[in-house]
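Work through the exercises below with the sequence and the coordinates open. Each task is followed by a stepwise solution.

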Amino acid sequence: MITNMLPPALIFVLGAILIPFLRGKVKAVYMLALPVVVFITLLNLSLGNTWIVEFWGYELIMGRIDKLSLVFAYAFTIMAFLGILFALQVKDNLQHVSGFIYAGSTLGVVLAGDFLSLYIFWEIMAVSSTFLIIASRTRASREAGFRYILVHLIGGLFLLAGIVLYIQKTGTIAFDYIGLDGIESYLIFIGIALNAAAIPLHAWLPDAYPMGTPTSTVFLSAFTTKSAVYLLIRTFPGADILLVIGALMVSLPIFYAVLENDIRRVLAYSLMNQVGFMLVGIGIGTELALNGAVAHAFCHIIYKALLFMAAGSVLQMTGKIKCTEIGGLYKTMPLTCLFCLVGAASISAFPLFSGFVSKSMIISASAHEKIFLIWMVLQFASTGVVDHAGIKVPFFTFFGHDSGIRAKEPPLNMLFAMGIAAALCVGLGVFYQPLYNLLPFPVHYEPYTGAHVVGQLQLLMFGALAFTLLILSGYYVPEVRSKNLDADWTYRKFGRFAYKLLDKGLNSLNRISEGVLMGIVKSVVSFFNRAAANIALFLSVNIWLLLGYRDKRLEIKKNRLYNDIMQGTLPIGIGAAVAISFILLVFLLT
Amino acid sequence: MKKELTIFDNPKNVKRLRMGFFIALVLLLIAESFVEMHGEFAVEHFYGFYAVYGFISYVLLIFVAKVLRKFIMRREDYYDH
């Protein structure tokens, strides 16, 4: 097949270069065609390693094709299509080009069979995504983008250090299961976990993602975290620490999501919470749990993109995205509202929507392994999802208090992108078998049992009952314009404080050291200066005495010479003579 | 001028929606007696466990969040220079 000549990553990355040269319909068709070409390429692949390149005596494997990498590659390609369809009306080529390079490098990470090509794509991913954050060209987005790239470069260094040690230890750059054992594995783990926004390395996500443009945030929501999830499934399945990190991630961000005023930041915390479910699945590490993590990543990529698209549409059409500023938008944006509700139902894991068929696998896996505490935490977190993503996002955006804003529906391409995503959410929830067939392990799991459906519906609906009672009685968390402290405080406030502390502390130490050192240097210099003068005087006076100078005239000559030497105003000839006589004296004395 | 949806401006419709919601809740509780709740854990066999746990989780979440807000909330321009 001709389409199999280039790896998918390169189709996107090289294909992106052409975009600035195209205009109008041709450009739109071209951009939509790229993901289609990649998808066809993926469909034509057979299992095994392809696109192997020799490089400095190492084998770069740009196509490790197995069930695990393929299912993620499918999801990312579908996502690239939806994201670009949603962003089609954007004139800014920077966004399109960096979006494609970002999606392409993610495919590169997912299909990489060796650490070198993985690392190269990993860094391209970090840089290209930064351009999507700063694409809104505001001061806040520039600063957030700067923090984002710094954090990711540090994460990249951990990964690189781990990779170097790993290659030194094993003698190969190929990788598969690693497992937490030895310093190199921990370094690699930290590098990957940072990209998965694992607590406590998570603050970059809610800090940077809400800063993107209405369309670029949709891209951001999909790739970095889920490619990290993929790598964790491949390299660290069953790592117990992931149970702890995952449990923290499903539970802590939901409190922030409840309090947050910015809808896209609510969704960012919700993203962390969803990745937490996946990490728990990886931590459990059984076939059912890993299948669940993969399926959940697949469904999540689509419904999270859908929710960010709905939020992006609102931002684009109203210019506002804070709970305190919007509300009642269902009146003029009913389609956007409907799509948002589908996304909300999917993320809440309502039966017949996509989240239900994937999340329940992870929760069931925790029950099968009899991990009661984790199971309780997951159920608690499920209710939390209902609150912030299932109810808060659609309620405060489209219902709630009427803000008086009468914004129109977004352009047709945005509605189509949301429509397709919504259709996929329902489709995956109803016809889940095709997805189950794609999972890495054979599936013996039936999501739609009576007990499951009734239990899940009770959990969700009685959570919603609590919301209803709380909001009617006025006990629900009031919407307030605010900023909530998170771990990024450490480098945004404490960092600045530490800088000042170091400035005050170290610089005053500097000044003291400088004073002491300069004092010593000065006295040494003046000692030698005076020594030179005295030696010059000693030699000169003898000569002058020989020449017959006496008393006052001798005194005047002595003073003039002394001052000339001390102030350095000696004619060059005399200076040279003094220097030579000094050397002569030294030579004679030794 | 594009026409607006005003369905929830009418309090009657909101009331209907709420009634439908409450009926659904009751039906869900009744439905539990028709299915076999085959859980791995003992708690799952208590009648209405999921309903109670969902409700309590939700209320707990909101109240803990309200307390948390006292500690972490800052002005919107907290990080601005």
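The exercises cover ring pairs, charges over rings, one arginine and the contact between two chains, all in a predicted model.

**Exercise 1. Classify the ring pair A:F189 and A:F236, and state which parts of chain A it ties together.**

Step 1. The ring centres of A:F189 and A:F236 are 5.2 Å apart, and the cut-off for a pair is 6.5 Å.
Step 2. The planes stand at 90 degrees to each other, and the pair is edge-to-face; the cut-off for this class is over 60 degrees.
Step 3. A:F189 belongs to helix α7 (residues 183–195), while A:F236 sits in the loop between α9 (216–235) and α10 (240–259), so the pair joins parts of chain A that are 47 residues apart in sequence.
Step 4. Buried means under 20% relative accessible area. A:F189, at 6%, is therefore buried, and A:F236, at 1%, is therefore buried too.

**Exercise 2. Classify the ring pair A:Y256 and A:Y269 in the same manner.**

Step 1. Here the distance is 5.2 Å centre to centre and the angle between the planes is 25 degrees, which makes the pair stacked.
Step 2. A:Y256 is in helix α10 and A:Y269 in helix α11 (residues 263–284), 13 residues apart; the pair links distant parts of the chain.
Step 3. Both A:Y256 and A:Y269 are buried.
Step 4. Over all chains there are 36 aromatic pairs. Ring pairs also join A:F72, A:F76, A:Y102, A:F219, A:F223 and A:Y230 into a cluster.

**Exercise 3. Describe the surroundings of A:R64.**

Step 1. A:R64 is part of strand β2 (residues 58–65) of chain A.
Step 2. Its relative accessibility is 9%, so A:R64 counts as buried.
Step 3. A:R64 lies over the face of A:F175, 4.7 Å from the ring centre.
Step 4. The side chain of A:R64 also reaches the backbone oxygen of A:A112, at 3.2 Å.
Step 5. Beyond its neighbours within four places in sequence, the contacts of A:R64 include A:G48, A:N49, A:D176, A:Y230 and A:R234.
Step 6. Chain B offers another case of a charge over a ring: B:R74 lies over the face of B:Y78, at 5.8 Å from the ring centre.

**Exercise 4. Describe the interface between chain B and chain A, and find which element of chain B gives the most residues to it.**

Step 1. In this interface, 52 residues of chain B are in contact with 63 residues of chain A.
Step 2. The buried area is about 5500 Å², and carbon and sulfur atoms give 71% of it.
Step 3. B:Y58, B:E76 and B:Y79 supply 16% of the area that chain B buries against chain A, more than any other three residues.
Step 4. Between the two chains there are 3 salt bridges and 16 residue pairs in polar contact, both residues at pLDDT 80 or more. One of the salt bridges is B:E40 with A:K370, whose closest N and O atoms are 2.5 Å apart.
Step 5. On the side of chain B that touches chain A, α1 (11–31), α2 (49–72) and β1 (73–74) each supply at least two residues. The element that gives the most is α2(B), with 19 residues.

**Exercise 5. Locate B:V35 and list its contacts.**

Step 1. B:V35 is placed in the loop between α1 and α2 of chain B.
Step 2. At 22% relative accessibility, B:V35 is partly exposed.
Step 3. Leaving aside neighbours within four places in sequence, B:V35 is in contact with A:G450, A:A451 and A:V454.
Step 4. From B:V35 to B:R75 the C-alpha to C-alpha distance is 51 Å, with their positions 40 residues apart in sequence.

Definitions and conventions: Residues are numbered from 1 along each chain as its sequence is written. Chains are lettered from A and ligands numbered from 1 in the order in which they are written. This is a predicted model: local features need pLDDT of at least 70, side-chain atom pairs count only at pLDDT 80 or more; totals for chains, interfaces and linings use all residues. Side-chain values use heavy atoms; hydrogens and water are left out. Rings of Phe, Tyr and Trp (its six-membered ring) pair if their centres lie within 6.5 Å; planes under 30 degrees apart count as stacked, over 60 as edge-to-face and the rest as tilted. Helices (H or I, at least four residues) and strands (E, at least two) are DSSP runs, numbered from the N terminus. Buried means under 20% relative accessible area, exposed over 50%, partly exposed in between (1.4 Å probe, protein chains only). A charge sits over a ring if NZ of Lys or CZ of Arg is within 6 Å of the ring centre and within 35 degrees of the ring normal. Contact means heavy atoms within 4.5 Å. Buried area is the accessible area (1.4 Å probe) that two parts lose on being put together, summed over both. A salt bridge is a side-chain nitrogen of Lys or Arg within 4 Å of a carboxyl oxygen of Asp or Glu. A polar contact is a pair of N or O atoms within 3.5 Å; within protein, one must be able to donate a hydrogen and the other to accept it, and residues adjacent in sequence count only if both atoms are side-chain atoms.
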